[in-house]
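Reader: I would like to learn how to read a ligand site and a backbone angle in a model. Where should we begin?

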Amino acid sequence: MVHRPHEVSDFQEDIHVVSNADGEAIGVIAIHSTALGPAAGGCRFWHYDSHADLTADAIRLARGMSYKNAVAGLPLGGGKAVLQRPAGSFNRAALFRAFGDAVESLGGAYVTAEDVGTAVSDMERVRERTRYVAGLDAEPGKSGGDPSPWTARGVFEAMQAAARFALGSNLDGLTVAVQGTGNVGAALCRMLRAAGARLVIADVDRRRVDALVAELGARAVGVDEILAADADILAPCALGGVLSSRTIPSLKARLICGAANNQLETEADGKALAARGIVYAPDYVVNAGGIINVSAEYLGEAPEAVERRIAEIAPRLTAILESAAREHIPANTVADTLARRIIARGQRAAA
Ligand code: NAI
């Protein structure tokens with residue numbers, strides 16, 4: 001495994017190339033910060049056009065994890081693994097064992113778990129090679145398992161609080177457009193429906209959409225229509241970079257609150273949203289439920305600790321939105337400033 005330092009905006013980073021048994025590069029592990037503890041963040045398994053694109057995504061995601069973990073009050077730094085999904089057939093177990101070897105070689109500096117494209121079964125293969133992995137099936141009375149339901153719960157509670165703040169309403173009767181109905185998106189849809197919200201949904205995987213239309217009476221729209229759908233709230237729950245100068249002008253929702261990491265293409269897009277009067281719930285503030293569960297599993301904490309920390313997400317978001325409104329600063333900037341302050345405090349304490 002090659003190791004080379006890499007400069008990323010505000011921190012000095014490490015990028016570790018993950019290789020398979022034949023020595024071919026299959027992805028990277030990006031470590032953004034270990035100031036508050038081991039760099040923790042899931043493993044994404046996705047197709048990228050180039051190794052450079054994959055690496056850039058890993059770096060962005062790792063920084064998001066640092067900020068997310070800091071703001072959530074977890075004793076963890078930030079990191080992320082991104083593996084290239086092979087185009088043809090491949091040996092999935094061997095691939096995740098090779099990834100486990102790479103995680104092990106970092107000696108605990110990075111702790112992995114699931115992310116887009118990976119499942120509990122993949123983390124079990126990783127566990128064969130390293131103990132620096134979470135997101136495995138929970139033992140009775142202990143935290144663990146698929147983090148997605150916890151992420152969905154945090155996003156849902158955050159959305160309730162943000163709707164009260166931005167729209168002066170509970171979710172009953174509001175229309176929520178959900179982009180991406182995978183693990184988190186589908187769980188979120190079920191909670192929203194139970195709370196009386198109307199659903200507009202889209203996913204590149206038509207079977208997922210059809211299943212939720214049948215189960216929840218959701219209205220399906222095309223993947224090109226979902227961002228600008230006629231809705232009160234937009235919940236991006238697919239991939240990052242969906243809020244940009246290309247998409248923001250046509251948004252109809254007055255509130256954005258979803259699970260996807262790195263929803264803003266650039267920091268300036270947060271300003272553009274604020275200028276349009278659209279309230280943006282910073283992604284890493286609201287989607288911390290999964291890493292909270294992963295953290296509890298890794299640290300051996302009881303499920304009550306997960307409940308307690310997830311219950312803090314909604315009031316934390318409200319405080320950030322209030323501060324943004326009071327100081328006329330975009331909410332993403334308020335959150336970033338808070339995260340950097342917490343990480344800097346950790347760096348000073350470690351020095
Ligand atoms: P997933 O892979 O289960 O679901 C993602 C869904 O988005 C898939 O159904 C996929 O077909 C769909 N999708 C991809 N591109 C799309 C497009 N252009 N338009 C519409 N749909 C599209 O992933 P999961 O776990 O539900 O995560 C969703 C997002 O939330 C990701 O950005 C992930 O990084 C983020 N997240 C997930 C956490 C978790 O606990 N799983 C924790 C925190 C963040």
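Author: Begin with the domains, bearing in mind that this model is predicted. Domain 1 (2–65 + 76–127) and domain 2 (148–287 + 315–340) both give residues to the shell around the ligand, so the ligand lies between them.

Reader: Which pocket does the ligand sit in?

Author: The ligand occupies the largest pocket. Two elements give two or more residues each to the shell around the ligand: helix 4 (148–167) and helix 5 (183–194).

Reader: How many residues surround the ligand, and which are the closest?

Author: A residue is counted if one of its heavy atoms lies within 4 Å of the ligand. By that cut-off 24 residues surround the ligand, with R44, T151, D203, R208 and A238 as the closest.

Reader: How do the residues of the shell divide into nonpolar, polar and charged?

Author: There are 10 nonpolar, nine polar and five charged residues in the shell around the ligand.

Reader: Which distances should I read for the side chains of R44, R208 and S148?

Author: Look for pairs of N or O atoms within 3.5 Å. For R44, a polar side-chain atom lies 2.7 Å from an oxygen atom of the ligand. In the side chain of R208, an N or O atom is 2.4 Å from an oxygen atom of the ligand. S148 has a side-chain N or O atom 3.3 Å from a nitrogen atom of the ligand.

Reader: How much of the accessible area of the ligand does the protein cover?

Author: On its own the ligand has 830 Å² of accessible area, and the protein covers 88% of it.

Reader: Now the backbone. What is there to say about the phi of N262 and of H328?

Author: The general idea is that most residues other than glycine have a negative phi. N262 is not a glycine, yet its phi is positive, about 55 degrees. H328, also not a glycine, has a positive phi of about 55 degrees.

Reader: Where is the place of each, N262 and H328?

Author: N262 is in the loop between strand 12 (255–256) and helix 7 (268–275). H328 is in the loop between helix 11 (313–327) and helix 12 (331–350).

How values were computed:
Residues numbered from 1 in each chain as written. Predicted model: local features only at pLDDT ≥ 70, side-chain atom pairs only at ≥ 80, totals over all residues. Heavy atoms only, no water. Polar contact = N/O pair within 3.5 Å; in protein donor to acceptor, adjacent residues only side chain to side chain. Areas by Shrake-Rupley, 256 points an atom, 1.4 Å probe, with all protein chains shown as cover. 1 Å grid on protein atoms, 1.4 Å probe; cavity = no way out; pocket = protein on both sides within 12 Å on 5 of 7 lines; lining within 4 Å. Sits in = over half its atoms within 2 Å of the grid points. Helix = DSSP H or I, 4+ residues; strand = E, 2+ residues; numbered from the N terminus. Nonpolar A, V, L, I, M, F, W, Y, C, P; charged D, E, K, R; others polar. Domains from an automatic or database assignment.
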